[in-house]
There are 2 protein chains.
Amino acid sequence: MSKPLILVVNDDGITAPGIKALVEAVKDLGEVVVVAPDSPQSGMGHAITINAPLRLKEVKYFGDIRAFQCSGTPVDCVKLAVDKVLHRHPDLCVSGINHGSNSSINIIYSGTMSAAMEASLEGIPSVGFSLCDYKHEADFEASVFYAQYIAEQILKNGLPKHSLLNVNIPKLALKDIRGIKIGRQALAKWVEEYVERQDPMGRPYYWLTGKFVNYDHGQDTDEWALANGYVSLVPVQHDLTAHHVIPFINENWNFSSVDKGDESIPNVSKERFNL
Amino acid sequence: MSKPLILVVNDDGITAPGIKALVEAVKDLGEVVVVAPDSPQSGMGHAITINAPLRLKEVKYFGDIRAFQCSGTPVDCVKLAVDKVLHRHPDLCVSGINHGSNSSINIIYSGTMSAAMEASLEGIPSVGFSLCDYKHEADFEASVFYAQYIAEQILKNGLPKHSLLNVNIPKLALKDIRGIKIGRQALAKWVEEYVERQDPMGRPYYWLTGKFVNYDHGQDTDEWALANGYVSLVPVQHDLTAHHVIPFINENWNFSSVDKGDESIPNVSKERFNL
């Protein structure tokens, strides 16, 4: 039996300490191939490169492990890896380890999680890891331990189709982490405050700053887990349909006022699905 | 009573015909303010600008309507509009009209829908509109009609918290559209095929191409609605938790093998939430 094929990606760039830690975590679990951005891509969300060509270059940053740097976004890396680099469908994609939290709403801005989601769309069991410590010199010891454990579990058990995992590790020593909590994405947001400055020509420009606000008092969320010393694990899907809103629209919208009377007005009648 | 305040954004850029059509659609429904990218931003997903400052410039592209072009992504436009441009919380955010479909999985790559989602995160009732026609000179007549109708319904009825709408309009004359179908996001994906070329120095580069494949045979999806001559309307949420995967992990993962015996190995025991 051949060894599992494991694709490693990230959004902080191929030279970030986090991806080195992730390669350490999974290198004994199978054949590892790294395809990662050649520069930091934090906050790129699910961006893809449509109107420009991409570059791909083999590098030797990880000893004997095959590794490529890509000029595109984290999602581009996954697409290009699947189409041009990997000789077969991978058994696992691991993304990260991100320098900074991707819990709760951060997931939708996160290049780390978007890369994992893209792999999941490709049918690859997939997980994103993030350490709640922005520093370049962050301590990845606990992250490596939990990343290895979780990668092993996914290789052994698979994941249900159309799902992936968002794993966040608290900024704690390995011995102080209380375990893993499986939960849901907390309801939280960033409150923006743009700092306004003037350039030497007197024209304004704006820097994004903001503070994270957690509105969610539930004890079943990723934010609660992290605040209480656990690794948080949230299963994630790519179907964004808000099924509960369908009856709201069917009941409240006025579909009849427009499509009666005037022959020149086209039908806007509701055609309700049986959901 | 003051008029509703309506924020208009897009991802094709402030000079695209689609945003002009959208301003037409909503200009009689309230006080309209436009904040849109100064260049095309298709495929930007939920990207935000973290490491560079943003520019904002008032322009006169829409007659008397206040309008600003922004150097950032669609999501940046919404954040900056809320923090720096609008004098009060808007009653509605409309995004688009995108040149090209954002149905099914396209939603996660879409700057149009990410802008609408960001507005929804800000607590603004929000909707993204897309016309299934990529052409610059596309006919927006039907799109304007349905955008106006849907914007009116949202202003009148609101939307449930933490939800927004993804509306796609088929490439058909207004009279040939059969109505609106409310449904779910189809399960579909892009199959990538990167075209490989060589630059004058003999080094390879890659262009993204691909074909859209719909795996979903349901008649309750956005793809089905569009293929059958309807406007598709899908309610969308920003909680990505795959709740159904939680029991799968609890039942299948081996949590006990690691946390027994060796005192030096930290606890990875499952701490199951009551979900």
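In which kind of crossing, left-handed or right-handed, does helix 2 of chain A pass helix 3 of chain A? The tour returns to this question once the whole model has been viewed. Please keep in mind throughout that the model is predicted.

**Stop 1: chain A as a whole**

Begin by selecting chain A and displaying it as a cartoon. Chain A contains 6 helices and 14 strands. Along its principal axes, the C-alpha trace of chain A spans about 75 × 60 × 45 Å. Of the 275 residues in chain A, 52% are buried. Consider also how contacts are distributed along the chain: among the contacts in chain A with a separation of 6 or more, 75% join residues that are 24 or more positions apart.

**Stop 2: helices 2 and 3 of chain A**

Next, select residues 74-85 of chain A, which form helix 2, together with residues 111-121 of chain A, which form helix 3. The axes of these two helices come within 8 Å and cross at roughly 25°. An angle under 35 degrees counts as roughly parallel, and helix 2 of chain A and helix 3 of chain A are therefore roughly parallel to each other. The opening question can now be answered: helix 2 of chain A passes helix 3 of chain A in a right-handed crossing.

Show the side chains to see where the two helices touch. On the side of helix 2 of chain A, the contact is made by Pro74(A), Val75(A), Cys77(A), Val78(A) and Lys79(A). On the side of helix 3 of chain A, the residues are Gly111(A), Thr112(A), Ser114(A), Ala115(A), Glu118(A) and Ala119(A). Colouring this contact by class gives 6 nonpolar, 3 polar and 2 charged residues.

**Stop 3: the corresponding helices of chain B**

Move now to chain B and select helix 2 (residues 74-85). How many of its 12 residues are buried? The number is 9, and helix 2 of chain B is thus described as mostly covered. The buried residues are Pro74(B), Val75(B), Asp76(B), Cys77(B), Val78(B), Lys79(B), Leu80(B), Ala81(B) and Val82(B).

Add helix 3 (residues 111-121) of chain B to the selection: helix 2 of chain B packs against this helix at an angle of about 25°, with the axes 8 Å apart. That angle makes helix 2 of chain B roughly parallel to helix 3 of chain B. Their crossing is right-handed. Among the residues that meet here are Cys77(B) and Val78(B) in helix 2 of chain B, and Ser114(B) and Ala115(B) in helix 3 of chain B. By class, the residues of this contact divide into 6 nonpolar, 3 polar and 2 charged.

**Stop 4: a cis peptide bond in each chain**

Zoom in on the backbone of strand 5 (residues 92-99) of chain A, where Ile97(A) is located. The peptide bond from Gly96(A) to Ile97(A) is cis, with omega near -10°. Then select strand 5 (residues 92-99) of chain B, in which Ile97(B) is found. There, the peptide bond from Gly96(B) to Ile97(B) is cis, with omega near -10°.

**Stop 5: two positive phi angles in chain A**

Select Ser104(A), in the loop between strand 5 and helix 3 of chain A. Although Ser104(A) is not a glycine, its phi is positive, at about 45°. Is Ser104(A) buried or exposed? Ser104(A) counts as buried because it has 26 C-beta neighbours inside 10 Å, and the cut-off for a buried residue is 20 or more.

Continue to His162(A), in the loop between helix 4 (141-157) and strand 7 (163-169) of chain A. His162(A), which is not a glycine, has a positive phi of about 60°. Because His162(A) has 15 C-beta neighbours inside 10 Å, this residue counts as partly exposed.

**Stop 6: where the two chains meet**

Finally, display both chains and colour them separately. Here 80 residues of chain A are in contact with 80 residues of chain B. Select helix 6 (residues 245-252) of chain A: this helix supplies 6 residues, the largest share of the side of chain A that touches chain B. By class, that side of chain A has 42 nonpolar, 22 polar and 16 charged residues.

What relates the two chains? A turn of 180° and a shift of 0.0 Å along the axis lay chain A on chain B with an RMSD of 0.0 Å. That is the relation of a two-fold axis. Moreover, 100% of the interface residues of chain A are also interface residues in chain B, so the copies meet through the same surface.

Methods: Residues are numbered from 1 along each chain as its sequence is written. Chains are lettered from A and ligands numbered from 1 in the order in which they are written. This is a predicted model: local features need pLDDT of at least 70, side-chain atom pairs count only at pLDDT 80 or more; totals for chains, interfaces and linings use all residues. Axes are lines fitted to C-alpha atoms, for helices over the stretch in contact, and angles run from 0 to 180 degrees between N-to-C directions. Helices (H or I, at least four residues) and strands (E, at least two) are DSSP runs, numbered from the N terminus. Angles under 35 degrees count as roughly parallel, over 145 as roughly antiparallel, 65 to 115 as roughly perpendicular and the rest as oblique. A crossing is left-handed if the near helix is turned anticlockwise from the far one by less than a right angle, and right-handed if clockwise. Two residues are in contact if their C-beta atoms, placed from the backbone, lie within 7 Å. Ala, Val, Leu, Ile, Met, Phe, Trp, Tyr, Cys and Pro count as nonpolar, Asp, Glu, Lys and Arg as charged, and the others, Gly among them, as polar. Copies are superposed by least squares on the C-alpha atoms of residues with pLDDT of at least 70 in both.
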